[in-house]
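Student: I am new to this structure and would like a close look at a single part of it. Could you take one helix and go through its surroundings with care?

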Amino acid sequence: MPPRTEFTNVVEASRILRCPAIDIIKLVLAGRLSRVALLPRELKLKSVLVDPEEVLARLRDGGTDGRLSVIQAAERLGLEAWAVRNLTVATDQGGQGASSGDRRDGCCRRSLSSS
């Protein structure tokens, strides 16, 4: 059996694993993690402690909703997780963040009409 890591809070686990904290919270809420501890509520997100090794294993298993996690997509594409995250961010032609309306309609339409 591999050595167990220490518990760490969700914020630190997110930094260590280079994944969004929300992905870890989804695993906790779905009951997919067997090693979870809670500290006093005043610590907010830092009150939820997880085992980073277990989190990584669950993220590699497919997260919580059947879609690929950022880590899975990165491994399958042979990219770093930050590169996959950058691929998921919609921007306009000037490299600025697009509004949700632009993402749905205008962004794709502009890029198709300009080619």
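Tutor: What follows is a close look at helix H3 and the parts around it.

This is a predicted model, in which local features need pLDDT of at least 70 and side-chain atom pairs count only at pLDDT 80 or more, while totals for chains, interfaces and linings use all residues. Residues are numbered from 1 along each chain as its sequence is written, and side-chain values use heavy atoms, with hydrogens and water left out. Helices (H or I, at least four residues) and strands (E, at least two) are DSSP runs, numbered from the N terminus.

Helix H3 covers residues 52–61, and its N-terminal end is capped by Asp-51, which has a side-chain oxygen 3.0 Å from the backbone nitrogen of Glu-53. Within H3, the buried residues (buried means under 20% relative accessible area, exposed over 50%, partly exposed in between, with a 1.4 Å probe and protein chains only) are Pro-52, Glu-54, Val-55 and Leu-59. They lie on the same side of H3, because they cover an arc of only 160 degrees around the axis, the arc being that of the directions from the helix axis to the C-beta atoms.

These buried residues pack against strand S1 (8–9), H1, H2, strand S3 (48–50) and H4, where contact means heavy atoms within 4.5 Å. On the side of strand S1, Thr-8 is buried, with a relative accessible area of 13%; leaving aside its neighbours within four places in sequence, Thr-8 is in contact with Pro-52, and also with Ala-13, Ile-16, Val-48, Leu-49 and Val-50.

Turning to helix H2 (residues 21–29), H2 and H3 pack at an angle of about 90 degrees, with their axes 11 Å apart; axes are lines fitted to C-alpha atoms, for helices over the stretch in contact, and angles run from 0 to 180 degrees between N-to-C directions. H2 and H3 are therefore roughly perpendicular to each other, a term that covers angles of 65 to 115 degrees. Asp-23, Ile-24 and Leu-27 in H2 meet Val-55, Arg-58 and Leu-59 in H3, and by class this contact has 4 nonpolar, no polar and 2 charged residues.

Helix H4 (residues 70–77) has Val-70, Ile-71, Gln-72, Ala-73 and Ala-74 as buried residues, and these pack against H3 as well as against helix H1 (10–17) and helix H5 (81–87).

Notes:
Parallel < 35°, antiparallel > 145°, perpendicular 65-115°, else oblique. Nonpolar A, V, L, I, M, F, W, Y, C, P; charged D, E, K, R; others polar. Polar contact = N/O pair within 3.5 Å; in protein donor to acceptor, adjacent residues only side chain to side chain.
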